[in-house]
Amino acid sequence: MMRRALFVLALLGAALPAAAGEIAPSERRSGYDFMSSDTKAMQDDDTANPGMLSVLDGDTLWNTKAGAANKSCSDCHGDVSVSMKGATARYPAFNATSATPIDLGQRVNLCRTQHQEAAPLAPESSELLALTALIAKQSRGMPIIAGDDARLATSIARGRELFFQREGQLNIACSNCHDDNADRHLAGSAITQGQPTGYPIYRLEWQGMGSLQRRIRGCMTGVRAQAFDFDAADMIALELYLMSRAHGMKMDAPAVRP
Amino acid sequence: MMPSASRLIAMIIAALPAATVAQTLAPYAISGDGIPDSLTGQPGDATRGLALVLARSSTCILCHSGPFPEARFQGDLAPTLAGAGSRSTPAQLRLRLVDASSINPETIMPSYYRIDGFARVGSAWRDKPILSAEQIEDIVAYLASLRE
């Protein structure tokens with residue numbers, strides 16, 4: 001009897017899909033870990049990492065006066081390596097004025113419009129990517145702490161719901177690939193855990209820089225879903241969930257990704 | 001002579017594919033764990049079926065590998081298609097393609113001949129099945145030929 005039951009249990013176990021469910025904190029790995037040694041070397045060497053060109057542009061913009069107020073970022077914030085240390089590891093963060101979370105790009109644009117009295121920078125513009133790359137670099141090696149603020153709880157929960165919701169004509173959820181099938185291959189490419197540690201990134205396939213929002217939109221289009229608009233509340237909620245899911249992981253921006 | 005603007009617009013509209021109109025699916029009957037009858041009433045063409053399986057737009061080899069070494073990038077999210085025709089009957093293969101979720105609700109394999117029950121489908125793909133009835137039949141004919 002007993003042996004019979006055990007046998008049935010073993011059969012059932014064998015029939016279960018492999019590795020369904022969320023990734024244990026100790027098992028989390030950055031996209032860096034999945035890369036070839038060549039791509040890792042490119043990211044590790046600042047003279048070879050194309051993302052550093054964007055950081056350099058960001059440094060120029062940081063010190064350039066702009067807008068009707070004729071102020072530069074440094075006029076208010078001083079040395080970026082001091083004032084922005086750890087900032088990216090905290091974003092998306094709660095913005096009291098709008099009572100919503102905002103991501104780093106939106107924070108930069110609030111400074112543009114409110115303090116510099118200049119027009120906001122367009123999503124994915126080289127200027128916005130440059131400034132966020134410069135700021136993100138100041139969090140290199142620091143643990144992600146975004147999401148600690150209790151006021152973010154509803155947005156994180158919304159992001160989590162979206163992460164697990166199947167969508168698009170292919171009817172596949174983020175979690176189906178990045179929780180359940182990380183380490184496998186979608187056609188030629190390795191599927192990673194979708195950790196947001198390195199944004200903005202230089203992506204070899206794009207031959208250019210891109211934000212986490214651009215990456216997420218790419219995945220949404222991949223499953224033939226209507227991608228969220230840049231800066232939409234649901235987009236920020238997904239970014240926030242990804243960051244809270246990566247809580248404690250070390251930032252490695254600006255990263256290189258295949 | 002230039003046709004009038006309104007005539008031009010009428011001509012353009014007439015030339016548009018019916019894509020903007022929701023497509024109706026051919027009716028089919030599930031019997032047991034399969035769909036016994038061809039969706040088109042005709043047998044499919046296995047050679048076209050192979051080409052379809054390999055085509056990126058069909059998405060099969062994003063997840064599956066199979067007995068086609070010429071395809072460079074094959075996925076490993078799903079079992080190999082090699083021997084699919086020995087493991088399943090054409091009726092079972094047809095239902096698997098039409099709506100794999102009716103066999104296994106948890107599956108990640110898309111439903112290739114279904115248009116409802118999806119969230120946020122992009123406008124380019126809305127109200128259309130991933131594959132046409134004819135394409136499904138071609139793929140069924142190809143898969144049925146994969147024996148081991």
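**A tour of the interface and salt bridges**

In this predicted model, chain A and chain B bury about 2,100 Å² between them, with carbon and sulfur atoms giving 54% of that area. Begin by selecting A:Gln169, A:Ala187 and A:Arg224, the residues of chain A that lose the most area to chain B; together they account for 32% of what that side buries. Widening the selection to the contacts brings in 23 residues of chain A and 28 residues of chain B.

Next, display the side chains of B:Arg120 and A:Glu167, which form a salt bridge with an N to O distance of 2.9 Å. The rule finds one salt bridge across this interface, along with 13 residue pairs in polar contact. Then colour β3 (185–186) and α10 (212–222) of chain A, each of which supplies at least two residues of the side that touches chain B. That side of chain A comprises nine nonpolar, 10 polar and four charged residues.

Now move to helix α8 (residues 153–164) of chain A and select A:Arg160, which lies in that helix; its partner A:Glu22 is in the loop between α1 (2–15) and α2 (37–44), 138 residues apart. The closest N and O atoms of this salt bridge are 2.6 Å apart.

Remain in helix α8 and select A:Arg158, which forms a salt bridge with A:Glu161 at 2.9 Å. These two residues are three apart in the helix and therefore separated by about one helical turn. A:Arg158 also forms a salt bridge with A:Asp234. Because A:Asp234 lies in helix α11 (residues 233–245), this pair ties together parts that are 76 residues apart in sequence.

Finally, select A:Arg29, A:Asp33 and A:Asp183, which shared salt-bridge partners join into one network.

How values were computed. Residues are numbered from 1 along each chain as its sequence is written. Chains are lettered from A and ligands numbered from 1 in the order in which they are written. This is a predicted model: local features need pLDDT of at least 70, side-chain atom pairs count only at pLDDT 80 or more; totals for chains, interfaces and linings use all residues. Side-chain values use heavy atoms; hydrogens and water are left out. Contact means heavy atoms within 4.5 Å. Buried area is the accessible area (1.4 Å probe) that two parts lose on being put together, summed over both. A salt bridge is a side-chain nitrogen of Lys or Arg within 4 Å of a carboxyl oxygen of Asp or Glu. A polar contact is a pair of N or O atoms within 3.5 Å; within protein, one must be able to donate a hydrogen and the other to accept it, and residues adjacent in sequence count only if both atoms are side-chain atoms. Helices (H or I, at least four residues) and strands (E, at least two) are DSSP runs, numbered from the N terminus. Ala, Val, Leu, Ile, Met, Phe, Trp, Tyr, Cys and Pro count as nonpolar, Asp, Glu, Lys and Arg as charged, and the others, Gly among them, as polar.
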